Amino acid sequence: MSERHVMIRLSNISKRFGLFRAIEHADFDIFRGEFFSILGASGSGKTTLLRIMAGFEAASEGTVHIDGAPMDAVPPHQRPVNMVFQNYAIFPHLNVADNIGFGLRKLGLGRAERQRRIDEMLELIALPGYGARRSDQLSGGQRQRVALARALILRPKVLLLDEPLGALDKQLRAQMQTELRALQRTVGITFVLVTHDQEEAMALSDRVAVMDEGRVMQIDTPAGLYERPGSRKVAGFIGSMNFLRGVVLGRDGAMARVQIAGGGAVCRMPADRLNGAHGDLDLAIRPEKIALHARAPGPDALAGVLRDRVFLGERVHYTVALGDGGETVIVSAPNTAEADGVPQTGSTVWLSWPETALMPLSDT
Amino acid sequence: MAVIQSPDSLTVMDGRRNTSFRRRLAARFDTLRGVLMLLPTLVILGVTVAVPFLLMSAMSLWEQVGFGYGDGWSLGNYAEIAGEPLYTTLLLRSLAMAMAATLMTVVLVYPMAYFLAFHVHRNKLVWLIIITLPFWTSYLLRVFAWRVVLGYEGVINSGLLELGLIDAPLDFLLYSRSAVIITLAHAWAAFALLPIYVSLEKIDKSLLEASADLGEGPVMRFFRVILPLSMPGVIAGTFLMFIPTVGDYVTPALVGGPDAQMIGNLIALQFGTVNNWPMGAALAITMILAITLVGLMFLALSRLLSRWAR
């Protein structure tokens, strides 16, 4: 990774609005050609971070470099980035072609060349022949595409997208996600996307930065975030998750023995994941990694009482209370797993999982 | 999907027919409600504008004979207006002075409205009140205030004398066309300011960020985004100011000298000392037509300009 070309370097960026700390010490790189997402709830500082990259906000501390050049004194209209705004910011007094061609004035192109580029863009966003349309005659999805074309026509080094799909209905959003991803591959431009939708971030991105209360919690690939969340917050934000308490009992070569609170059973997990942690421990496990058994499969299985069973079609969700009705665990199993009979609510069931499924969490 | 939906389709159809009927009822009710809400305004406008206008139009076709009116209808008054240079001169002068005052006001007031819309974030109402404060006093008082400012021993003259910049008071300040234009520009400023402010205030700030993002600096942002989007306000402000100032007669009477009289003064004379009401009516109608003509030309011009600017 280190030899890759850094397109955006954020060096220790902090932003305060009065006493409110919007961003604290954001410090990471975005590489050329990458589809990078910043994921966070509203108020996490993700949009502010994007606006600092675009130049609409000045960082209180730290520096942004774009393609190696410091951006401290560069106003937004001179930065080699373009943005797709949350509400698309389509100019209401201009038609589609004039909206898309808005930024071309600076390039001093001839009328024919300008028209050629606009037509090329209309082709790219699958709206050929829409040039003369008034902007208020466009649907939400079309406005979004015009906003994309307007930014991409300038061939920026980085395209910044501020919740570009947030205003669309669910079906259209799924379709635009596919198109956005394909578009990014076609044009090869670095995309930085801000979203609060974890599925969107996972589906689109090469890497995701998870933000919470102004801090960047973790930066990883979608699979990495899912399989190895570093903290309870990230784990809870991405997908669904069971949280457990446990105690490290000892090590056994490459494996560590961990006793789960509540059920009392001892499980094994790779020792290198613990990072030398010992004693009490926060653990997490994905619902779909747990197998549910009506009879004890072995001495290491965790016993519990089945409290609830929800049939969801392809999957069945079980709620299992561990030990004396202490912590509850959700198990998500494919519905084929019930071939040997449907367990009754109130009956005792056993849980097991692969050794690699259990994840330790840091405190935060 | 279609198979699953079919049992419900009957009820769906039913519901749709029902809503469309309800919608039609609501639409009809909406029109009725709209008419009812407009009714007081329509009555007032009818009684105070339409009826007097019709009476004026009729009267302009009469003829003054001694202290009474002649029989029948004639276009004699209009023929006299077209033939007598005094009338045309006064009419053209009024239009020119009103245009000058309007232009001056719009140009001066636009930055104020801009500041208010884009740079004041708190207590906008207080700012608006402060800006419109002069308009809380009577129109007559405001015009008199300008006499005090522009007069022979007024604020400007005595100030300049005190500073030793001039030896004798400037006598072109008061009782001149410039005095009328300055006074009109100030007296009607709020009428131009408010519509311009509203149109600027409505502009989505993200459009400015978008134009910056697309490479335009502050100056081009203004000409390519802010000005075109505030044009409706500018046009409204221009009309609101231009129309009443053409016919204004208080200001030229109080601060204008003999060569700064306007068409309004002449009309007032016809209804007063001259006592030729049909002539006054004809002059008033001519003025209205002239204003309409200039207004239409202005609209056509601004539309042409905005198309060209694109």
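User: Let's start with Phe29(B): is this residue buried, partly exposed or exposed?

Analyst: Keep in mind that this is a predicted model. Between the buried cut-off, under 20% relative accessible area, and the exposed one, over 50%, a residue is called partly exposed. Phe29(B) has a relative accessible area of 47%, so it is partly exposed. You'll find Phe29(B) in helix α1 of chain B, residues 2-59.

User: Which residues make up the nonpolar surface patch with Phe29(B)?

Analyst: Phe29(B) joins Leu32(B), Val35(B), Leu36(B), Leu38(B), Leu39(B), Leu42(B), Val43(B) and Val47(B) there. The patch comes to about 860 Å².

User: Now the interface: how is its size given?

Analyst: Often as the accessible area lost when the parts come together. Here chain A and chain B bury about 1900 Å² between them, 59% of it from carbon and sulfur atoms. On chain A's side, His77(A), His93(A) and Phe102(A) supply 33% of the area buried against chain B, more than any other three residues. Counted as contacts, 23 residues of chain A meet 20 of chain B.

User: How many salt bridges cross the interface of chain A and chain B?

Analyst: The rule finds 2. One salt bridge pairs Arg105(A) with Glu216(B), and their closest N and O atoms are 2.7 Å apart.

User: And why is α4(A) called largely enclosed by the rest of the structure?

Analyst: Count its buried residues: 11 of the 13 qualify, so the label fits. Among them are Gly141(A), Arg145(A), Leu148(A) and Leu152(A). Helix α4 of chain A covers residues 140-152 and reaches 18 Å from first C-alpha to last, close to the 18 Å expected.

Terms used
Residues numbered from 1 in each chain as written. Chains lettered and ligands numbered in written order. Predicted model: local features only at pLDDT ≥ 70, side-chain atom pairs only at ≥ 80, totals over all residues. Heavy atoms only, no water. Helix = DSSP H or I, 4+ residues; strand = E, 2+ residues; numbered from the N terminus. Expected span 1.5 Å × (residues − 1). Buried < 20%, exposed > 50% of the residue type's maximum accessible area, 1.4 Å probe, protein only. Patch = residues over 30% accessible without salt bridge, like charges linked within 9 Å, V, L, I, M, F, W, Y side chains within 5 Å. Areas by Shrake-Rupley, 256 points an atom, 1.4 Å probe, with all protein chains shown as cover. Salt bridge = Lys/Arg side-chain N within 4 Å of Asp/Glu carboxyl O. Contact = heavy atoms within 4.5 Å. Buried area = accessible area lost by both parts, 1.4 Å probe.
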